[in-house]
Amino acid sequence: VVTLCVCVLCYFARSRELTEVKEEEVTVATPIKSQDLWTLLLQRHPRLSVLQGHVILAVRQQYVAIGDQSVFLGDGDEVAVIPPLSGG
Amino acid sequence: VVTLCVCVLCYFARSRELTEVKEEEVTVATPIKSQDLWTLLLQRHPRLSVLQGHVILAVRQQYVAIGDQSVFLGDGDEVAVIPPLSGG
Amino acid sequence: MSQEVGDLFSLKHDWLSVQEVVDAVTLPSCGAISVFIGTTREDEVEGRKVIGLEYEAYESMVQSEFSKLCCDIRARCPTVAKICVHHRLGSVKVAEASVVMAISSPHRKDSEQAIQLGMKLLKANIPIWKKEVYHTQEVSWKENAECEWAELSH
Amino acid sequence: MSQEVGDLFSLKHDWLSVQEVVDAVTLPSCGAISVFIGTTREDEVEGRKVIGLEYEAYESMVQSEFSKLCCDIRARCPTVAKICVHHRLGSVKVAEASVVMAISSPHRKDSEQAIQLGMKLLKANIPIWKKEVYHTQEVSWKENAECEWAELSH
């Protein structure tokens with residue numbers, strides 16, 4: 001069963017500069033492979049492609065590698081683009 | 001050649017409590033084996049014997065193990081009794 | 001075992017007080033406190049002089065990742081008592097502290113081991129980013145070698 | 001390579017300021033400062049409660065042994081910039097700091113390694129002694145396991 005939900009995309013650091021957006025709502029089919037979620041993000045913001053291979057996502061504030069695993073989303077869930085960290 | 005010199009004995013921590021002396025002048029033949037220096041100290045203050053095996057000396061502020069090596073002393077040189085350290 | 005009462009990760013827009021972070025982990029039962037302070041180093045990158053750093057964070061996620069970090073530290077160093085981090089946000093000038101981490105434990109070796117692990121985990125997992133600001137007004141996003149998905153990770 | 005200008009071992013009769021020790025090693029060229037703080041732990045030894053410690057030092061020799069300690073650290077960690085220690089003398093109450101050591105270096109791993117070595121060398125070689133004072137007014141001289149001629153050395 002595939003359903004649709006409205007989740008919140010959050011962009012940080014270089015990804016925010018590339019998209020020029022901090023947060024936006026999108027409708028996404030769920031469950032969705034994290035790879036497909038990334039593809040969807042690239043379609044919205046092609047400039048994100050410079051991060052390809054050096055980026056992961058966070059879904060409901062849990063890190064999710066971009067790959068084969070399925071992500072289950074609900075309305076209002078946060079999906080964040082996480083460029084390489086540089087805290088400290 | 002053995003000569004005599006007047007050096008300053010210094011007692012710290014437990015050794016000071018055992019001798020009830022902080023500093024005193026003694027005449028010592030030099031050179032002298034550090035073992036013999038310790039024997040001389042024990043003769044002056046027999047209570048120091050409780051430190052036997054767990055004590056070293058410092059001659060002119062350099063650590064010297066109690067043993068076979070010869071120590072060369074000059075007038076006014078400091079010889080200190082160094083119980084196990086507990087700084088920090 | 002989770003984040004304990006008293007563990008704290010605080011994001012600050014102003015000067016960091018080392019004493020405040022140390023006081024937050026001080027306990028009569030602990031004889032050892034290890035501290036790490038990260039400061040903005042004076043640096044020159046390809047002829048451009050670094051004049052400061054700009055920090056940002058995924059603030060809500062910082063807290064949940066910090067809980068995990070505290071768990072990981074206690075799994076490896078069970079005698080750790082308290083863990084406290086103050087981290088700057090916004091712009092930080094050269095020679096100012098951007099992060100202060102303090103960890104207490106009854107004995108020295110545990111706090112020493114824990115602080116090394118703690119800083120490694122912070123750099124690997126806490127969602128915070130910085131860019132260097134150069135005297136030319138150019139900027140460049142940094143990447144921690146400890147971050148698994150960094151280009152330069154090892 | 002000897003003790004560098006700016007290295008400092010200070011014996012203090014009053015409360016130790018962590019900030020002061022940290023400031024003493026802060027340099028624009030250093031991104032990392034590691035700190036260790038040793039405090040008097042609340043403790044009970046054979047039913048006697050520790051109410052404080054009493055410290056004494058062979059003051060002039062502390063300085064020459066500290067110079068050697070600085071040499072030893074730089075031999076093993078050549079990028080170390082500055083080393084500063086404040087150590088209490090006289091009586092120190094439970095939960096108060098008796099020693100604060102700070103070491104700066106350009107990068108984190110060097111200051112982390114140096115602080116561990118530095119504390120080990122301090123406990124092994126710096127001529128300072130403490131006795132525990134119990135609530136019964138009894139006292140007992142302590143011995144560092146790091147000291148080669150201690151009964152309990154290892």
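## Close-ups of the chain interfaces

**Polar contacts where chain C meets chain A.** Between chain C and chain A, 21 residue pairs are in polar contact, with both partners at pLDDT 80 or more. Keep in mind that this is a predicted model. On the side of chain C that touches chain A, β4 (48-57), α2 (59-76), β7 (97-105), α3 and β8 (128-134) of chain C each chip in at least two residues. The largest share, 5 residues, comes from α2(C). Sorted by class, that side of chain C has 15 nonpolar, 6 polar and 9 charged residues.

**What gets buried between chain C and chain A.** Here 30 residues of chain C are in contact with 22 residues of chain A. The pair buries about 2300 Å², and carbon and sulfur atoms give 56% of that area. Which three residues supply more than any others of the area that chain C buries against chain A? They are Tyr58(C), Trp129(C) and Trp149(C), together good for 37% of it.

**A salt bridge between chain A and chain C.** Side chains of opposite charge can pair when their charged atoms come close. The count between chain C and chain A is 2 salt bridges. One of the residue pairs that meet this way is Arg16(A) and Glu56(C), whose side chains are 2.6 Å apart, N to O.

**The contact between chain C and chain D.** Of the 3 pairs of chains that touch, chains C and D have the most contacts. Each partner brings a matching number of residues to the table: 35 from chain C and 35 from chain D. Together they bury about 2700 Å², with 53% of it on carbon and sulfur atoms. There are 15 residue pairs in polar contact between chain C and chain D, counting pairs with both residues at pLDDT 80 or more. For the side of chain C that touches chain D, α1 (18-25), β2 (32-39) and α3 (108-125) of chain C each supply at least two residues. In this interface α3(C) gives the largest share, 9 residues. The class split on this side of chain C is 15 nonpolar, 13 polar and 7 charged residues.

**Salt bridges across chains C and D.** How many salt bridges does the rule find across the interface of chain C and chain D? It finds 2. For a close look, take Arg108(C) and Glu146(D): their side chains meet in a salt bridge at 2.4 Å, N to O.

**Strands pairing across the C and D interface.** β2(C) is joined to strand β2 (residues 32-39) of chain D by 7 bridges, and the two strands run antiparallel. Zooming in on one spot, Ala32(C) stands opposite Gly38(D) in β2(D).

**The rotation axis relating chain C and chain D.** Chain C superposes on chain D (RMSD 0.0 Å) by a rotation of 180° with 0.0 Å of shift along the axis. The two copies are therefore related as by a two-fold rotation axis. Both copies use the same surface, since 100% of the contact residues of chain C recur in chain D. Which residue of chain C comes closest to the rotation axis? That is Val35(C), with its C-alpha at 2.4 Å.

**Chain pairs that do not touch.** No contact joins chain A and chain B, and their closest C-alpha atoms lie 29 Å apart. Chain B and chain C do not touch either, with their nearest C-alpha atoms 10 Å apart.

**A salt bridge inside chain A.** Over all chains, the structure holds 30 salt bridges. In chain A, Arg60(A) forms a salt bridge with Asp77(A), and the closest N and O atoms are 2.6 Å apart. The pair links distant parts of the chain, 17 residues apart: Arg60(A) is in the loop between β4 (56-59) and β5 (62-64), while Asp77(A) is in the loop between β6 (70-71) and β7 (78-82) of chain A.

**Backbone oddities in chains A and B.** Most residues other than glycine have a negative phi, and most peptide bonds are trans. Thr30(A) and Pro31(A) are joined by a cis peptide bond with omega about 0°, and Pro31(A) lies in the loop between β2 (23-30) and β3 (32-33) of chain A. In chain B, a cis peptide bond with omega about 0° joins Thr30(B) and Pro31(B). Pro31(B) is in the loop between β2 (23-30) and β3 (32-33) of chain B. Ala13(A) is not a glycine, yet has a positive phi of about 50°. Ala13(A) is found in helix α1 (residues 13-19) of chain A.

Terms used. Residues are numbered from 1 along each chain as its sequence is written. Chains are lettered from A and ligands numbered from 1 in the order in which they are written. This is a predicted model: local features need pLDDT of at least 70, side-chain atom pairs count only at pLDDT 80 or more; totals for chains, interfaces and linings use all residues. Side-chain values use heavy atoms; hydrogens and water are left out. Contact means heavy atoms within 4.5 Å. Buried area is the accessible area (1.4 Å probe) that two parts lose on being put together, summed over both. A salt bridge is a side-chain nitrogen of Lys or Arg within 4 Å of a carboxyl oxygen of Asp or Glu. A polar contact is a pair of N or O atoms within 3.5 Å; within protein, one must be able to donate a hydrogen and the other to accept it, and residues adjacent in sequence count only if both atoms are side-chain atoms. Helices (H or I, at least four residues) and strands (E, at least two) are DSSP runs, numbered from the N terminus. Ala, Val, Leu, Ile, Met, Phe, Trp, Tyr, Cys and Pro count as nonpolar, Asp, Glu, Lys and Arg as charged, and the others, Gly among them, as polar. Two strands pair if DSSP finds at least two bridges between them. Copies are superposed by least squares on the C-alpha atoms of residues with pLDDT of at least 70 in both.
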